[in-house]
Amino acid sequence: MNMENKIDIVASVFGNLEVVKNCLDTWLPLPENWSLYLYDNKVSELDGTKDYLKQKQKEYNFQIIDQDKILAHGNAIDTILKNTTAKWVLHLDSDVKILDKNFFKQIEQLTLKNDGGLLYG
């Protein structure tokens, strides 16, 4: 995959540490030329999710957008989208597990057939 077909994943996180752990572990590590952008809502401070995300960020080098406030899901995604740089963006909810190991490859194939856009999973 070349840089022209770079894909950014966006998600907002509202705490729920165990669910986030289970799901994020199915996303990472990302394939080459993929990036992850997470909006970390302030509520994630309450259950340790914020600390977990910072630990994973060091390990996998993804972006955390933290404005120290709680935003509704749509507003959080809008905020993330202002920071993305890829031609393609894949929106995943933070409770989505990727069970098919070919998922990323299938998305890459889809992007090669089209010019760019937003995918919602």
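A cavity here is a set of grid points where a 1.4 Å probe fits but cannot get out, and its lining residues have an atom within 4 Å of a point. Keep that in mind as you look around this predicted model.

**Stop 1: the enclosed space**

Select V13, V20, C23, L24, W27, L38 and S94, and you have the lining of the largest cavity on screen. How many cavities of 30 Å³ or more does the structure hold? The count is 1, and the volume of the largest cavity is about 40 Å³.

Now colour helix 1, residues 17-27. This helix gives the largest share of the cavity lining, with 4 residues. Colour the lining by residue class next: 6 residues are nonpolar and 1 is polar, with no charged residue among them.

**Stop 2: the open space**

Move on to the largest pocket, which offers about 150 Å³ of space. To show its lining, select L28, P29, L30, W34, S35, L36 and Y37, then add Y60, N61, F62 and Q63. Which element supplies the largest share of this lining? Strand 2 does, with 4 residues.

By class, the pocket lining divides into 8 nonpolar and 3 polar residues, and none is charged. Leave W34 selected, as this member of the pocket lining also belongs to the next stop.

**Stop 3: the aromatic cluster**

Add F103 and F104 to W34: these three residues form one aromatic cluster. A pair of aromatic rings is described by the distance of the centres and the angle of the planes, so have both tools ready in your viewer. The count here comes to 2 aromatic pairs.

Begin with W34 and F104. Their ring centres are 4.7 Å apart and their planes stand at 80 degrees; the pair is edge-to-face because that angle is over 60 degrees. Zoom out a little to see where the partners sit: W34 is in strand 2 (residues 34-40) and F104 is in helix 4 (residues 103-112), so the pair ties together parts that are 70 residues apart in sequence.

Are these two partners buried or exposed? Both W34 and F104 are buried. For F104, the relative accessibility is 10%, which counts as buried because the cut-off is under 20%.

Finish with F103 and F104. Here the ring centres lie 5.6 Å apart with the planes at 70 degrees, so this pair is edge-to-face too. F104 thus takes part in the pair with W34 and in the pair with F103.

Key. Residues numbered from 1 in each chain as written. Predicted model: local features only at pLDDT ≥ 70, side-chain atom pairs only at ≥ 80, totals over all residues. Heavy atoms only, no water. Phe/Tyr/Trp six-rings, centres within 6.5 Å; stacked < 30°, edge-to-face > 60°. Helix = DSSP H or I, 4+ residues; strand = E, 2+ residues; numbered from the N terminus. Buried < 20%, exposed > 50% of the residue type's maximum accessible area, 1.4 Å probe, protein only. 1 Å grid on protein atoms, 1.4 Å probe; cavity = no way out; pocket = protein on both sides within 12 Å on 5 of 7 lines; lining within 4 Å. Points joined across faces, edges and corners; volume = space filled by probe spheres on them. Nonpolar A, V, L, I, M, F, W, Y, C, P; charged D, E, K, R; others polar.
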